[in-house]
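Me: I have a structure open and want to talk through the fold. Can you take my questions as they come?
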Amino acid sequence: AHRQRTGGETVSRRKGYAMKRKEIKWRREGRGTMAGRQDGIIFRIFHPWDAPERGHTVSCYDTRGTGREISTAGYREFTWEEAVEFCQKIAAGEIDLEDLQAQFDAEDMAKEREAVRKTTEKAKRLATMLEGYGMKYTDLLELEAMRHALGEMGHQILMGHQRGEGWPDGT
């Protein structure tokens with residue numbers, strides 16, 4: 001019964017008149033959280049009370065189970081006004097949540113690839129260093145196990161010996 005004109009205004013197909021967009025009413029729901037409800041979706045706008053310099057994040061939960069759910073935490077931050085407008089656009093169907101979730105998933109994959117790349121670089125540097133000492137990584141693991149079994153007292157005795165203090169008296 002409705003369609004959208006370019007520019008985002010919703011128009012009734014029957015009469016051709018622009019429909020008024022229903023505003024979400026917000027209420028405080030704990031420290032730093034505002035909640036609102038419209039068209040079977042519960043919206044929450046979060047603002048960390050202990051970090052006022054950070055922006056607001058949005059989550060929405062579909063009470064009807066039709067898949068209209070998303071959380072921007074870790075992906076997007078908004079001012080209060082931007083967060084409210086984002087929720088209004090979701091309620092009006094102006095934002096495709098599947099596309100947005102696909103963007104978030106792509107960002108996660110890129111972050112994971114970057115983390116794997118950085119960790120691989122570190123592992124290669126360690127392997128090169130160990131090879132310089134004529135060791136393999138499994139040798140290092142065995143040494144770590146022996147060090148752990150030595151305990152704190154053994155560690156202190158070895159550190160004293162390395163500093164030139166010698167071995168404890170009576171040994």
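Reply: What follows covers the sheet, the helix on it and one residue.
Reply: This is a predicted model, where local features need pLDDT of at least 70, side-chain atom pairs count only at pLDDT 80 or more, and totals for chains, interfaces and linings use all residues. Residues are numbered from 1 along each chain as its sequence is written, and side-chain values use heavy atoms, with hydrogens and water left out.

Me: In what order do the strands of the sheet run?
Reply: The order is β3-β4-β5-β6-β7, an open sheet with antiparallel pairing. Strands are DSSP runs of E with at least two residues, helices are runs of H or I with at least four, and both are numbered from the N terminus. Two strands pair if DSSP finds at least two bridges between them.

Me: Which strands stand at the edges?
Reply: β3 (26–28) and β7 (70–71); each has a single partner strand, so one side of each lacks a neighbour in the sheet.

Me: And what packs on the sheet?
Reply: Helix α1 (residues 80–91) touches β3, β4 (33–38), β5, β6 and β7. Contact means heavy atoms within 4.5 Å.

Me: How many bridges join β5 to β6?
Reply: Six, between residues 41–46 and residues 57–62. F43 stands opposite C60 there, and R44 has S59 as its bridge partner in β6.

Me: Different topic. Is T57 buried or exposed?
Reply: T57 is buried, at 12% relative accessible area. Buried means under 20%, exposed over 50%, and partly exposed in between, with a 1.4 Å probe and protein chains only.

Me: What does T57 touch?
Reply: Leaving out residues up to four places away in sequence, T57 touches R44, I45, F46, T72, A73, R76 and E77.

Definitions and conventions. Axes fitted to C-alpha atoms, helices over the stretch in contact; angles between N-to-C directions.
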